Amino acid sequence: MPDSTDDLPLCTACGKCCHLLVELTPLLDDVPEEYVVEHDGVRCMDQHGDGACVALDSATQLCTIYERRPKVCRDFQRGESLCRRAVLGKRGSLAAPRASL
Ligand code: SF4
Ligand code: SF4
């Protein structure tokens, strides 16, 4: 019987998941402040013009703040729908859970 994960694409280290908009989780994420930008009141990782996260090393495609990377980056799984969309070049965002007021 085929393994249920057989259809997962291998991570190609394409770096495209680091070109998605990354929302920061309030009271949890502790990334360098100079990498943060606010969109409509939501704190996010800043991006270069091509969408690359400012913490992404363009030469190695590795995260330069790996130990402090946001929760949504830690939770991101290879082969999940956003990975598949990213590999296909579609846009998306990694949204942090919103605090209930
Ligand atoms: S988008 Fe998917 S395949 Fe590309 S680096 Fe991220 S996890 Fe790997
Ligand atoms: S913080 Fe690191 S893992 Fe998250 S999108 Fe930026 S470069 Fe990628």
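**Figure 1. Gly89 in the loop between α2 and β6 (93-94)**. In this predicted model, Gly89 belongs to the loop that links helix α2 to strand β6. The residue is exposed, because 9 other C-beta atoms lie within 10 Å, and a count of 12 or fewer is classed as exposed. Gly89 and Cys17 are separated by 72 residues in sequence, yet their C-alpha atoms are 10.0 Å apart in space. Cys17 itself belongs to the residues that surround ligand 1.

**Figure 2. Lys16 in the segment before β1**. Lys16 precedes strand β1 and is one of the residues surrounding ligand 1. Lys16 is buried, because 20 other C-beta atoms lie within 10 Å, and 20 or more are required for that class. Apart from residues up to four places away in sequence, Lys16 touches Ala86 and Val87. Both Ala86 and Val87 also appear in the shell of ligand 1. The C-alpha atoms of Lys16 and Leu82 are 9.7 Å apart, although 66 residues separate the two in sequence.

**Figure 3. The surroundings of ligand 1**. The shell includes Cys11, Thr12, Ala13, Cys14, Gly15, Lys16 and Cys17. Arg78, Cys83, Ala86 and Val87 also surround this ligand. By class, the shell comprises 7 nonpolar, 2 polar and 2 charged residues.

**Figure 4. The surroundings of ligand 2**. Ligand 2 is surrounded by Cys18, Val22, Met45, Cys53, Ala55, Leu56, Cys63, Ile65, Arg69, Pro70 and Cys73. This shell has 10 nonpolar residues and 1 charged residue, with no polar residues. Cys53, a member of the shell, is in contact with Cys18, Val22, Met45 and Gln47 once its neighbours within four places in sequence are left aside. Among these contact partners, Cys18, Val22 and Met45 also surround ligand 2.

**Figure 5. The largest nonpolar core**. This core holds 15 residues, and those with the most contacts inside it are Cys17, Leu20, Val22, Met45, Cys53 and Leu94. Strand β3 (42-45) and helices α1 (71-75) and α2 (81-87) each contribute at least two residues to the core. Val22, Met45 and Cys53 also take part in the shell of ligand 2, whereas Cys17 is found in the shell of ligand 1.

**Figure 6. The hairpin of β2 and β3**. Strand β2 (residues 36-39) pairs with β3 in the antiparallel sense, over 4 bridges. Across the pair, Val37 stands opposite Cys44, and Glu38 stands opposite Arg43. In a regular strand, side chains alternate between the two faces of the sheet. The hairpin has 2 residues between its strands, and Asp40 adopts a positive phi near 50 degrees.

**Figure 7. Positive phi at Leu27 and Gln61**. Leu27 is not a glycine, yet its phi is positive, at about 65 degrees. Leu27 lies in the loop between β1 (21-22) and β2 and counts as exposed, because it has 7 C-beta neighbours inside 10 Å. Gln61, likewise not a glycine, has a positive phi of about 60 degrees. Gln61 is located in the loop between β4 (56-57) and β5 (62-63). With 13 C-beta neighbours inside 10 Å, Gln61 counts as partly exposed, because the exposed class ends at 12 and the buried class begins at 20.

**Figure 8. The protein chain and the N-terminal residues 1-5**. The protein chain contains 2 helices and 6 strands, which run β-β-β-β-β-α-α-β from the N terminus on. Of its 101 residues, 20% are buried. Among contacts between residues at least 6 apart in sequence, 59% join residues at least 24 apart. The average pLDDT of the chain is 84, and 81% of the residues score at least 70. Over residues 1-5, pLDDT stays under 50, and the model has 0 contacts beyond four places in sequence for this stretch. Where pLDDT is low, the predicted coordinates should not be read in detail.

Technical notes. Residues are numbered from 1 along each chain as its sequence is written. Chains are lettered from A and ligands numbered from 1 in the order in which they are written. This is a predicted model: local features need pLDDT of at least 70, side-chain atom pairs count only at pLDDT 80 or more; totals for chains, interfaces and linings use all residues. A residue is near a molecule or strand if its C-beta atom, placed from the backbone, lies within 6 Å of it. Ala, Val, Leu, Ile, Met, Phe, Trp, Tyr, Cys and Pro count as nonpolar, Asp, Glu, Lys and Arg as charged, and the others, Gly among them, as polar. A nonpolar core is a set of buried Ala, Val, Leu, Ile, Met, Phe, Trp, Tyr and Cys residues joined through C-beta atoms within 7 Å. Two residues are in contact if their C-beta atoms, placed from the backbone, lie within 7 Å. pLDDT is the predictor's confidence in each residue, from 0 to 100. Two strands pair if DSSP finds at least two bridges between them.
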